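Student: I have a model open and would like to go through the terms used to describe it. Could we take them one at a time?

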Amino acid sequence: MTKEAVLARYPPAPEVLLALLHELQGMNPGQYLLPEDLELAARHLGLPLSRVRDAVTFYSMFSLRPRGRHVVRLCASPHCHVAGAWSALDELRRVLGVEVGETTADGLFTLELTSCLGACGVAPVMMIDDEVVGNLTPAKVAAAVARYREGR
Amino acid sequence: MTLARVHVLVGVDDEARLAGVDAVLSALRAAVAELGLSGEVQVVETGPLGISGRGVVIAVQPDGVYYAGVTPADAREIAAEHLLKGRPVARLRLPAAAPVARPGELLARQTRVVLANCGVIDPERIEEYIALGGYEALGRAVTELRPEDVIEVVKRSGLRGRGGAGFPTGIKWAAVRNAPPGERYVVCNADEGEPGTFKDRLILEGDPHKLLEGMALAGYAVGAHLGILYIRGEYALSIARVRKAIADAEAVGILGERVFDTDFSFRVEVRPGAGAYVCGEETALLESLEGKRGWPRIRPPYPVTAGLWGKPTVVNNVETLANVPDIVRRGPDWYRTLGTPTCPGTKVYTILGSVRYPGLVEVEMGTPLRVLVYELGGGLLPGRALKGVLIGGAAGAFLPPGELDARLDFDSLGERGAALGSGAVLVMDERTCVVDTLGSVLRFFHHESCGQCVPCRSGTDVLVRLMVRLQGGGASRSVLEQMVAIVDAMRAASLCPLGQSVALPVRTALAGFAEEFASHLDGGSCPQCQATVRALPKK
């Protein structure tokens, strides 16, 4: 589907902005919003571009920079912290070779920290794209990353 | 439910998905068919069974046998041994000490109102909800009761908001009902982001129709025709289940145009959030629903007078609304037999951390914390000693073991300078450093502060810097004094509860664990804190 076709499914009302941005971001390979996406949304909804940027930069699920093919998001909230999230982070840094916020040279992974994912029953927890990976140990972290490296 | 000799309930939620529940389900169904049991055994996909951290959990009813950590091969074995030959597979049963292995006793110690159907019915089949009395309250309300009567019932029940503040629900509804004529809305706050909390997710995944019925009752009571469900964007399964539930309810005339063939119409829309803790604050949530960044509004006016698009709006938490159908169906006098005189009813908790049986429980208001930790949670992990409990999530209170007899309801905890909050209970053992845990809490607030008001934006930043010094071992006592001064200023001057609530964890940690803080001062070393400081992202 083209972006124009996506726009056509949304009424030109400001309240659909977040839903529209979610969908536009999902269409881009780098899981981020391009400058022209913001312009398209602004024009379609009759909003100033600044107002769209204002929303995009506020919410953690939107990105203005290209991300890797897979986004690894480790929960850093207190419950996961107490359960050992930092040792999982050390292992993620080691196997990916990047710091938080960076993308691997092969463009496969971006490493991010996130607030509570609501999956605390299996803390410490990370999400790789839409998959929840819990009860993390260094070995489990390495295995999950390896699985995605090999194309799942 | 369809009549079958045996029901096999398979808990399907995000946690079970990650443990491979889909493969277990297909193996189980194939085995049941192969063994010729299709006529007498029904495999039911249901919501979460309330047991966390144990992989795929299934229950065989009416036998009351629970299995945990089930793999596809195990499923075939259960079918051949238990379902065909009637011999439970001992190897896979939850240990006898687990409360769930004795469901009768488990339920005797819990009082399930909100979670009554969770893990019992298939949340994707509206018939099963209806078979257990679902939508009876709505049907009776729209055909026999006036909106004012519904409000009166909710007022008399004494129901208070379960989002954390405990405001009386009936009074909120009456304010919207009595607003000047015009459009009005019902908004359900399902932007569950409080660390350690996932009760709303389990209600959404386990019994979505109960929430929809509560929303429709609220709509009828206040005169609204549109309900909006704001769900956090990360809750993919919740969003899918609620969307299906809405479509199913509309198809049978329970939602949408002419509810139960009356003049009352009520539509429900789902709006996913985009990742911002502050949007759990009701006015920030309304801003987000209007397509803007989630900045809290200055109050007054409150949402009941000027909410969504400036119209009178009821904003209620998922758990609050899920209480309403039973209150209307069974009456306020029944509801008041549960809980305490000032806080009737039940509360759902997530028990996590160093306990033997982490998971979700629902007990009456006023239940002592000790019962949650030592009975329902099964006590500390073997060989571990209790250090303390963080109750209420990040915006919660650190309680030392001496506070275990605290009764859990809005007023009792308020008197102790704590708060019920979201119902997250984190049990910490002697290995956990409270200073380090508080550091994590403060980094959370620093990250989630929306940046609108100076006390919170600047306060959380300074708190994190002070914390790094404290955790690094290079701080003097004045650091603790500065932290208290900052959180007190934030409590007095922040625009919304996010900034105001930081005082709670900081002050309770300092009061209840003073020695532990003192040991970190003047070069005192703590391996856990230093490991954290080393691991912190360099920025």
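Tutor: Gladly. A residue is called buried if 20 or more other C-beta atoms lie within 10 Å of its own. Keep in mind that this is a predicted model.

Student: What makes strand S1 (residues 6–11) of chain B largely enclosed by the rest of the structure?

Tutor: Five of the six residues of S1(B) are buried, so the strand is largely enclosed.

Student: How do you know that S1(B) pairs with strand S2 (residues 41–46) of chain B?

Tutor: Pairing takes at least two bridges between the strands. S1(B) and S2(B) are joined by six bridges, so they pair. The two strands run parallel, and B:Val6 has B:Val41 of S2(B) as its bridge partner.

Student: And what joins S1(B) to strand S3 (residues 58–61) of chain B?

Tutor: Four bridges join them, and here the strands run antiparallel. One place to look is B:Val8, which stands opposite B:Val60 in S3(B).

Student: Let's move to the helices. Why are H17(B) and H21(B) called roughly antiparallel?

Tutor: Two packed helices are described by the angle between their axes and the distance between the axes. The axes of H17(B) and helix H21 (residues 503–512) of chain B come within 11 Å and cross at roughly 170°. Angles over 145 degrees count as roughly antiparallel, and H17(B) and H21(B) therefore earn that name.

Student: Which residues meet where H17(B) touches H21(B)?

Tutor: From H17(B) come B:Val434, B:Leu438 and B:Val441, which meet B:Pro505, B:Val506 and B:Ala509 of H21(B). By class, this contact has six nonpolar residues, no polar and no charged ones.

Student: What makes residues of chain B and chain A count as being in contact?

Tutor: Their C-beta atoms, placed from the backbone, must lie within 7 Å. By that rule, 49 residues of chain B are in contact with 40 residues of chain A. H17(B) gives the most to the side of chain B that touches chain A, with six residues. That side divides into 21 nonpolar, 18 polar and ten charged residues.

Student: How is chain A itself built?

Tutor: Chain A has seven helices and four strands, and along the sequence they follow the pattern α-α-α-α-β-α-α-β-β-β-α. The C-alpha atoms of chain A fill a box of roughly 50 × 30 × 25 Å, taken along the principal axes.

Student: What share of chain A is buried?

Tutor: Buried residues make up 42% of the 152 residues in chain A.

Definitions and conventions
Residues numbered from 1 in each chain as written. Chains lettered and ligands numbered in written order. Predicted model: local features only at pLDDT ≥ 70, side-chain atom pairs only at ≥ 80, totals over all residues. Contact = placed C-beta atoms within 7 Å. Nonpolar A, V, L, I, M, F, W, Y, C, P; charged D, E, K, R; others polar. Buried ≥ 20, exposed ≤ 12 C-beta atoms within 10 Å, placed from the backbone. Axes fitted to C-alpha atoms, helices over the stretch in contact; angles between N-to-C directions. Parallel < 35°, antiparallel > 145°, perpendicular 65-115°, else oblique.
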